[in-house]
Amino acid sequence: MAGTNRQWILESRPTGEPTMDNFELRESEIPEPDHGEVLVKSRYLSVDPYMRGRMRDAESYAEPWDVGDVMQAGVVGDVVESNHPDFEEGDVATGNLRWAEYATADGDELQPVDPDLAPVSTALGVLGMPGRTAYFGTLEVAEPEPGDTVLVSGAAGAVGSVVGQISKLAGARVVGIAGAEEKTDWLTEELGFDAAINYKETDDLYAAVGEACPDGVDAYFDNVGGEITDAAFAHLNVRARVAVCGQISLYNATERPMGPRKLAGLIETRARVQGLLVRDWAARFGEATEQLAEWVQNGDVQYRETVTEGFENMPEAFLGLFDGVNIGKQLVKVED
């Protein structure tokens, strides 16, 4: 297929918070799919906090990008050419592709998207990786029960907002922590959270968590780390469960802050702290997508998307994650 393909390259590794200087937009020819491959034209691309770790030259659960590499992202798009039996031209597919307008992928690594199920953008959000992370992280790690108090940090994000709603469906009282009045209002007025804390408007997080959770915290879903998590740990009940999903407050730190030691408190509370990676439940992704789709369709789970228009604005959308500008899932829409 003849034509020009724009791609975003990791130009340099950031020190501290990334800047536009770490990205470069390059042009190349649209690739041709090999045997078993599919050529996808991007409709929506996802930017996610975990990508910051892939910009480092350090081992992590996700392989780091090399300087000069095309960066990678969750993508949903249209199949324009297929050499794989499961896909044909005109299908909608999703997978981990590139920060590019066009990309090829092994058809075995793509998943079909049903446009009649929900808007296709949801394949990157509530019905995609963030939704599945919330589904398994809540039900398998945080394990909310009727009458529990569940505290969620990063509660207005793509994962946290779904965590809170699933916890409500389980019969728990839910408190969210977010960084803007618009976000806390969305949590309490539209998503059904019982209370919400604007951490940017309080000088005493410990007191704010205590006031919002007067009976303590039975389950804490951690998306941010740092001082917010310190305050949450101080209010854990006996046999509390902590699901560690993300630590965005620390991703740009050039030196890891130590802070007060919190493990001693776990002796008294006998709380369980467990990290989670959604890929551990890969064999059950279909179950999660089916259940989440049912909840979305009947209104039990609501979602929001913050959509940045224009492929050329990918870096700005990514950098905005660290300023908390998004509500719900942050996406980039590729202009037709």
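This report describes a parallel sheet, the helices that lie across it, a further strand pair, and two enclosed or open spaces in a predicted model.

**The six-stranded sheet**

An open sheet is built from 6 strands in the order S10-S9-S8-S11-S12-S13, and the pairing within this sheet is parallel. Strand S10 and strand S13 (272-275) stand at the edges, and because each has a single partner strand, one side of each is left without a neighbour in the sheet. On average, and with direction ignored, neighbouring strands of this sheet are turned by 15 degrees against each other.

At one end of that order, strand S9 (residues 173-178) pairs with strand S10 (residues 195-198) in the parallel sense over 4 bridges. Between these two strands the chain passes through helix H4 (residues 181-189), and the resulting β-α-β crossover is right-handed. Within the pair, Ile177 stands opposite Ile197 in S10, while the bridge partner of Ala178 in S10 is Asn198.

Two helices can be placed against these strands. Helix H4, the connection in the crossover from S9 to S10, also lies across S9 and S10, running at about 170 degrees to S10. Helix H2 (residues 129-142) lies across strand S11 (217-222), strand S12 (236-244) and strand S13, and its direction is at about 150 degrees to S12.

**A further parallel pair**

Strand S14 (residues 305-309) and strand S15 (residues 329-333) run parallel and are joined by 5 bridges. Here Val307 stands opposite Leu331 in S15. The chain crosses from S14 to S15 through helix H9 (residues 314-320), and this β-α-β crossover is also right-handed.

**Cavity and pocket**

The structure holds 1 cavity of 30 Å³ or more. The residues that line the largest cavity are Gly125, Val126, Ala158, Ser161, Val162, Trp186, Tyr303, Arg304, Glu305, Gly328 and Lys329. Among them, Trp186 falls within helix H4 (residues 181-189), whereas Glu305 and Lys329 belong to strands S14 (residues 305-309) and S15 (residues 329-333), respectively.

The second largest pocket is lined by 21 residues, of which Val70, Gln72, Leu97, Arg98 and Thr104 are the closest to its centre. Strand S1 (4-10), strand S2 (23-29), strand S5 (92-98) and strand S6 (102-106) are the elements that give two or more residues to this lining, and the largest share, 5 residues, comes from S6.

The table sets out the volume and the lining classes of both spaces.

| Space | Volume | Nonpolar lining | Polar lining | Charged lining |
|---|---|---|---|---|
| Largest cavity | about 70 Å³ | 5 residues | 3 residues | 3 residues |
| Second largest pocket | about 280 Å³ | 8 residues | 6 residues | 7 residues |

Terms used
Residues numbered from 1 in each chain as written. Predicted model: local features only at pLDDT ≥ 70, side-chain atom pairs only at ≥ 80, totals over all residues. Heavy atoms only, no water. 1 Å grid on protein atoms, 1.4 Å probe; cavity = no way out; pocket = protein on both sides within 12 Å on 5 of 7 lines; lining within 4 Å. Points joined across faces, edges and corners; volume = space filled by probe spheres on them. Nonpolar A, V, L, I, M, F, W, Y, C, P; charged D, E, K, R; others polar. Pairing = 2+ DSSP bridges. Right-handed = clockwise from strand over helix to strand, strands pointing away. Axes fitted to C-alpha atoms, helices over the stretch in contact; angles between N-to-C directions. Contact = heavy atoms within 4.5 Å.
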